[in-house]
Amino acid sequence: MKSNIIKYISFVLVAIGLWSCKKDGTELVSNVSPAGTLTASTTTLNLSLAAATSTAVTLTFPAPVVTGVIVPVTSTIQIDVKGRNFANPKEVVIAGTTYAPTVSAINAIMLAFGLKANVPSELEVRLKSAPAPNAVTYSNVLTLKATAYLATSWIFAPGAYQGWAPATADSLVSPDSDGKYFGIIVFPAAQLEFKITPVKTWDLSYGVLGGLLSSAGNAANLTAPKAGPQLITVDMNTKAFKIEESKIWAMTGSATPLGWGSDIDMKFINDGKGTYKVTANLLAGELKFRADRAYDFNYGGSGGNLVFNGGNIAVAAAGNYTVTFDIPNLKYSLVKN
């Protein structure tokens, strides 16, 4: 009798264990539907500067269906130039089930891909659905036809630093013509005041009133906080602005007239490309680019390629050179004039 009771208890315990495992196994299973069909409101996009803030296209896809254990699914729109097979796509993570980029956003993507303005081009777009790195699925691929436009626009900053002359004022650039401008201007000591003008005249100018840009007659001049290079950011949509100290980038080396430890300052070019340039007389020798008169941030290199903390750049022969320092692309050039 005792033996039968023990056997019965053992059977019950085994049964409970098996039921628990099955239950646990069921709870740990997630079934996620593959990426659904991607659709577009149009496949021929009309891009223009005048419509920069309008919606270029609306892409729609169904929400993923998850059964069993609920797991997060990352939905990503991938965009690439047609024929590149999404080798290096632009990716945008989507929280919902639609993606409606503006005209300026699509235009910026096309220009970033290296597509030429005013030349008809084709993009490919698809949905990437990823509940886990090893469970990625893709939707159908759509082809979008579009022609990029030159988006860059400028405003100007006449001030004491250049004699209050709008015709020769330095500029601030908006790479996407979205009303947001930036640029670096070097202010000499005691010449810190300036204004903003949409064109190179005094027909309309902006000072500061109540902490924002204003064209009112009682608006004060904008003022840089100190001498030296200042990064100026202006949002003409909201009339907000910001002025921040920027780095001084310069050349130094045996190829410069005063040798190592001296500097030839370079000018930031306000064209949206993030480059510095200077025209200077150089000697046969070597040089480097450095920030703020110190070697904490310096670039050397060879063959036109910049390397952080890299070797000295050779200058083969003396002469007058136009030197370009391209930090975003880690490139430099020495062109003899």
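## A walk through pockets, cores and a small sheet

The lining of the largest pocket divides into nine nonpolar, four polar and four charged residues. Keep in mind that this is a predicted model. The pocket itself has a volume of about 450 Å³. If you want to find it on screen, go to L111, T152, D271, G272 and K273, which lie nearest its centre among the 17 lining residues. Which element gives the most to this lining? That's helix 2, running over residues 103-112, with three residues.

Now for the second largest pocket, which holds about 180 Å³ of space. Here the centre is marked by V186, P229, M266, K267 and F268, the nearest of 14 lining residues. Strand 13, strand 18 and strand 22 (267-268) each bring at least two residues to the lining, and strand 13 has the largest share, at three. By type, the lining splits into nine nonpolar residues, one polar and four charged.

Helix 2 turns up again once we look at the packing. In soluble globular proteins, nonpolar side chains tend to be buried together. The largest nonpolar core in this model has 30 residues, and L47 and I77 are the ones that touch the most other members. Strand 5 (74-81), strand 6 (90-94), helix 2, strand 8 (120-130) and strand 10 (142-147) each supply at least two residues of this core. Helix 2 makes the largest contribution, with four residues. So helix 2 is worth a second look, because it has the largest share of this core and also gives the most to the lining of the largest pocket.

What does L47 touch, once its neighbours within four places in sequence are set aside? Its contacts are A56, V103, I106, N107, M110, A146, T147, A148 and Y149. Apart from this core lies another one, made of 22 residues, including M251, M266, L306 and V323. You've met M266 already: it is one of the residues nearest the centre of the second largest pocket.

Next, a small sheet. Strands of a sheet pair through backbone hydrogen bonds, either parallel or antiparallel. In this one, three strands line up in the order 2-3-7, the sheet is open, and the pairing is antiparallel. Strand 2 (39-40) and strand 7 (98-99) are the edge strands; each has a single partner, so one side of each is left without a neighbour in the sheet. Strand 2 and strand 3 (residues 59-60) are joined by two bridges in the antiparallel sense. To trace the register, start from A40, whose bridge partner in strand 3 is L59.

Finally, a couple of backbone oddities. Most residues other than glycine have a negative phi. A190 goes the other way, with a positive phi near 65°. Where does A190 sit? You'll find A190 in the loop between strand 13 (180-187) and strand 14 (193-194). A190 is exposed, at 81% relative accessible area.

K239 is another non-glycine residue with a positive phi, this time about 70°. K239 also belongs to a loop, the one between strand 18 (228-235) and strand 19 (240-245). Is K239 exposed or only partly exposed? With a relative accessibility of 25%, K239 counts as partly exposed. Each of these loops follows a strand you've already seen: A190 comes after strand 13 and K239 after strand 18, and both strands help line the second largest pocket.

Key. Residues are numbered from 1 along each chain as its sequence is written. This is a predicted model: local features need pLDDT of at least 70, side-chain atom pairs count only at pLDDT 80 or more; totals for chains, interfaces and linings use all residues. Side-chain values use heavy atoms; hydrogens and water are left out. Buried means under 20% relative accessible area, exposed over 50%, partly exposed in between (1.4 Å probe, protein chains only). On a 1 Å grid over the protein atoms alone, a cavity is a set of points where a 1.4 Å probe fits but cannot get out, and a pocket is an open set with protein on both sides within 12 Å along at least five of seven lines; lining residues have an atom within 4 Å of a point. Grid points are joined across faces, edges and corners, and a volume is the space filled by probe spheres set on the points. Ala, Val, Leu, Ile, Met, Phe, Trp, Tyr, Cys and Pro count as nonpolar, Asp, Glu, Lys and Arg as charged, and the others, Gly among them, as polar. Two strands pair if DSSP finds at least two bridges between them. A nonpolar core is a set of buried Ala, Val, Leu, Ile, Met, Phe, Trp, Tyr and Cys residues joined through side-chain atoms within 4.5 Å. Contact means heavy atoms within 4.5 Å.
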